[in-house]
Structures are given as C-alpha cells and as structure tokens.
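Open the model in your viewer and keep the sequence panel beside it. The stops below say what to select and what is there.

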Amino acid sequence: MECAAKGRGTRCTGGPPTRRCGRCGAVAYCSISHQVSHWSEHKEECARLEQQMLNSHKLHDFPFTFSNEFTFQVCKREVPRCSFLMERDIHHVGMWKFECSCWTSNTSFDYSSGRDNDGWGLPSDLCPCRDPVNPISTQLSNWKDYYEWRCLPLHSPAALLLHWPLTIFHAVKLAGISHSTFKVTNKLHIHYLGPDIELRELAVFSELHALFPGLQVHIDFFGPEVPQSRDDSKINLHSYAHCVDIECNCGSQTEAEWRISDGTTAAVSLQLHKGFYHDLYRNSKKDPAPDLIIAPNAGIAAYPSWLPTIELIKEMNVPAIFSDYCEEAAHLAASCIGTVTKCPLTVPIQINPFRQPMAVEDSVLYLACYSNCVLFGM
C-alpha cells in the first residue's frame with residue numbers, strides 16, 4: 001500500500017499510509033497534509049471509487065469452501081499464498097511453483113526436461129487430469145457450473161490455475177463466437193497479448209481440450225516477458241496436466257505427449273513470440289487474422305505501449321477482450337481505448353465469473369483485486 005499522493009509534491013513521511021479517505025475508503029495517505037493537497041485530484045474519482053467499494057461484495061462471492069479464509073479481506077490478508085499452498089502440500093510443486101512470490105526460477109520453459117514442472121501436484125479427484133465424464137454444458141457460466149461438470153469438490157484449489165483457460169472460454173462467448181462458426185475449419189485461432197506468470201503454467205491450457213471439444217485450438221502468445229530462448233517455440237499439448245495418483249491413466253501419458261512441436265497436430269497448440277504485438281504482427285501481414293484477441297490483466301492505462309496495439313486492433317477489426325485486476329483499472333483502460341478509437345466499448349465492463357478466487361496481495365488500493373477480475377472488450 002502506498003500513499004495516494006506519493007510523488008506529487010512533498011515527500012511522504014516514511015510511515016505506512018494509514019489515513020484512508022473518509023468518503024470512498026479506497027485510497028490512503030501518510031499524513032493529513034498529503035490528504036488535503038491530493039483532494040483537488042482525488043475528488044474527480046472519489047465518488048466512482050466509493051461505488052466500487054460498495055459493490056466489492058460481488059467480487060468476493062465464490063462457491064469454494066476456502067473462499068472466506070483466503071480471498072480478499074480489506075486488500076491485505078493476514079495469511080499469504082504460501083501458507084495456503086503449504087497447507088495443501090502443493091507449495092513449490094508442479095505448476096503451483098509460480099503462484100507465490102518466493103519462487104524465482106525460470107526453469108519452467110525447459111520442456112525437454114520432462115513433465116515434473118507441469119503437473120497438478122494433486123490427486124485425481126481434485127484436478128481435471130482426464131477427459132470429462134459428460135459433454136460440456138452450454139450453460140457453463142460460473143465456477144460452480146464448471147466444478148459440477150468436471151466432478152470436482154468445492155475444496156479443490158484447481159481454480160487458482162484454471163482461471164487462465166476458463167477466462168479464454170468465457171471471452172469466446174462474450175465475443176459472440178459460437179462453435180457453429182468453426183464448422184468448416186474446426187479451428188479456433190487466438191492471439192494472447194502480454195502473458196506473464198501464465199508462461200510458467202502453460203500446461204493448464206491443456207484444459208482447452210475439454211472446453212472446446214472437436215476443435216483445434218491454436219494460441220499465439222505475444223509479449224516482452226517471453227524468454228529470448230523460447231522465442232518462436234511451438235508447443236503441442238496432446239494430453240491434460242497430470243495428477244499425482246500412480247493408478248490414474250493420466251500418469252501413463254509419455255513425455256512425447258507434452259512436448260515442443262515436432263510438426264504433428266495437437267488439439268491444443270501454443271506458439272511463443274517475444275516482443276510487442278504491434279511490432280510483431282504489423283510486420284507479418286501474411287499471417288492470417290485470429291478469431292479472437294485476448295489480453296489478460298492488461299493494465300492498459302499503466303503502459304503507453306498499449307496505444308499502438310489498440311490502434312492495430314482497431315485496424316484489424318477483430319474482437320478483442322481484455323481483463324484487469326479491478327474495476328478502476330478497467331475504467332481507466334476504457335477511457336484510453338475510447339481516446340484512441342473514438343468508439344465506446346463493444347463489451348462493457350463486467351465481472352469475470354471465472355476470476356481467480358484468491359486476492360492479489362500487493363494491491364496499491366483498498367479496492368478488491370483479483371487476477372482476471374473484470375472483463376471488457378472492443
């Protein structure tokens with residue numbers, strides 16, 4: 001938490017910002033003088049932030065048995081993610097290695113080393129490691145629906161990783177793309193902008209096997225966080241991320257079924273591209289346009305590099321869905337998009353039913369913040 005007036009005049013006192021705005025309660029200050037001096041700027045947003053604080057209970061609403069203990073509590077939880085993962089014996093295990101701040105390794109990109117880093121680290125009854133028992137429901141609209149379909153108990157922590165593919169699934173619906181659209185090609189092509197932590201959890205995207213049955217899903221990841229050594233790498237996901245049960249048939253899958261592409265066709269394939277989207281895609285006009293552009297946790301208002309990307313997306317005339325950590329970030333992003341495109345959003349700001357059900361630990365506001373929290377589109 002930082003003083004809302006930091007960097008706007010005199011230095012902060014050095015202590016924690018404990019003086020919260022008496023009206024909105026979303027921002028805090030280190031001193032009375034900073035609160036007074038910042039009012040001329042804050043008054044433009046105060047009422048809006050107040051409304052967002054009043055609506056925050058909707059963001060905290062999850063069906064999971066662990067929700068009350070480990071989701072957002074005044075933006076600063078007493079129990080960190082590490083403790084949550086340790087209690088479930090998944091701290092620094094499989095894909096969970098990258099869900100806490102104490103892990104700094106980049107070895108997840110070495111897929112030739114095997115699948116140890118790509119598993120669930122959970123028993124088969126707590127994770128989707130095999131094909132679903134029943135066909136996917138057209139009414140799959142929230143975490144409870146998904147867990148029932150995948151026969152998962154509500155104490156399973158799998159949603160903490162599954163929010164990545166489930167957000168894609170929901171974004172396809174928001175963009176108005178139906179399975180009938182792909183009757184001819186049986187392919188779904190997505191451009192995924194600005195990946196970060198999900199680059200270390202790519203195995204979780206294998207769940208797209210189940211979410212888009214009968215389709216070949218190809219995702220191109222574009223972003224500066226892609227390691228130089230993985231630039232242009234192609235990865236085929238021939239099987240689901242595996243569980244820890246020795247008896248489960250998901251464990252019989254060989255390393256060859258989760259591998260760098262060898263030219264064979266997989267139901268889910270990924271390709272990594274290092275660099276900004278507007279630089280890479282504008283220079284490769286021969287590439288076909290995607291069916292959808294998605295940018296999770298985009299932070300459009302925070303990064304000037306988004307402006308030329310928004311201009312390019314407008315030229316392409318392809319549906320684009322963005323997510324962000326909180327409603328205020330989405331509001332500021334919508335303003336940026338409107339300034340560039342001179343058009344309103346085609347998909348208004350709304351809560352993502354498949355947001356990650358654990359609060360962001362280092363939020364700079366008292367607003368409810370979750371990964372993939374809210375969605376909007378152009």
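Begin with the largest nonpolar core, which has 94 residues. A nonpolar core here is a set of buried Ala, Val, Leu, Ile, Met, Phe, Trp, Tyr and Cys residues joined through side-chain atoms within 4.5 Å. Buried means under 20% relative accessible area, exposed over 50%, and partly exposed in between (1.4 Å probe, protein chains only). Select Trp120, Trp143, Tyr146, Phe205, Ile219 and Phe322, the residues with the most contacts inside this core. Then colour helix H7 (residues 159-174), which gives the most to the core, with 10 residues. In soluble globular proteins, nonpolar side chains tend to be buried together.

This is a predicted model, in which local features need pLDDT of at least 70 and side-chain atom pairs count only at pLDDT 80 or more, while totals for chains, interfaces and linings use all residues. Residues are numbered from 1 along each chain as its sequence is written, and side-chain values use heavy atoms, with hydrogens and water left out.

Next, show what surrounds Trp120. Leaving out residues up to four places away in sequence, Trp120 touches Ile90, Met95, Trp96, Cys127, Pro128, Ala158, Leu161, Leu162, Val204, Ala241 and His242. A contact means heavy atoms within 4.5 Å.

**The parallel strands**

Select strand E4 (residues 216-223). Helices (H or I, at least four residues) and strands (E, at least two) are DSSP runs, numbered from the N terminus. In E4, 6 of the 8 residues are buried, so the strand is largely enclosed by the rest of the structure. Add strand E3 (residues 187-193), which pairs with E4 in the parallel sense over 7 bridges. Two strands pair if DSSP finds at least two bridges between them. Within this pairing, Ile190 stands opposite Ile219 of E4. Now add strand E7 (residues 268-274), which runs parallel to E4 and is joined to it by 7 bridges. Here Val217 is opposite Val268 in E7.

**The antiparallel strands**

Move to strand E11 (residues 374-377), which is covered on both faces. Val374 and Phe376 lie on one side, Leu375 and Gly377 on the other, and all are buried. In a regular strand the side chains alternate between the two faces of the sheet. Which strands should be shown with E11? One is strand E9 (residues 320-324), paired with E11 in the antiparallel sense over 4 bridges; Ser323 has Leu375 as its bridge partner. Another is strand E10 (residues 347-351), antiparallel to E11 and joined to it by 3 bridges. Val347 stands opposite Gly377 there.

**The second core and helix H2**

A second nonpolar core, separate from the largest one with its 94 residues, has 18 residues, including Ala5, Val27, Ala28 and Leu49. Select Ala5, in the segment before E1. Ala5 counts as buried, at 4% relative accessibility. Apart from residues up to four places away in sequence, Ala5 touches Tyr29, His34 and His38. Draw a distance from Ala5 to Tyr29: their C-alpha atoms are 6.8 Å apart, with the two positions 24 residues apart in sequence numbering.

Leu49 leads to helix H2 (residues 46-54), whose buried residues are Cys46, Leu49, Gln52 and Met53. Looking down the axis of H2, these buried residues fall within an arc of 125 degrees (taken from the directions from the helix axis to the C-beta atoms), so they line one face of the helix. Their cover includes strand E1 (19-20), helix H1 (32-42), helix H3 (56-59) and H11.

**Salt bridges**

How many salt bridges does a search of the whole structure find? The count is 7, where a salt bridge is a side-chain nitrogen of Lys or Arg within 4 Å of a carboxyl oxygen of Asp or Glu.

- Arg48 and Glu328 meet at 2.7 Å, N to O. This pair links distant parts of the chain, with Arg48 in H2 and Glu328 in helix H11 (residues 327-341), 280 residues apart. Arg48 is partly exposed at 25% relative accessibility, and Glu328 is buried at 5%.
- Arg200 and Asp196 meet at 3.7 Å, N to O. Arg200 is buried at 17%, whereas Asp196 is partly exposed at 39%.
- Lys6 and Glu2 meet at 3.5 Å, N to O. Both are partly exposed, Lys6 at 47% and Glu2 at 40%.

**Zooming out**

Finally, show the whole protein, with its 11 helices and 11 strands. Buried residues make up 52% of the 378 residues.
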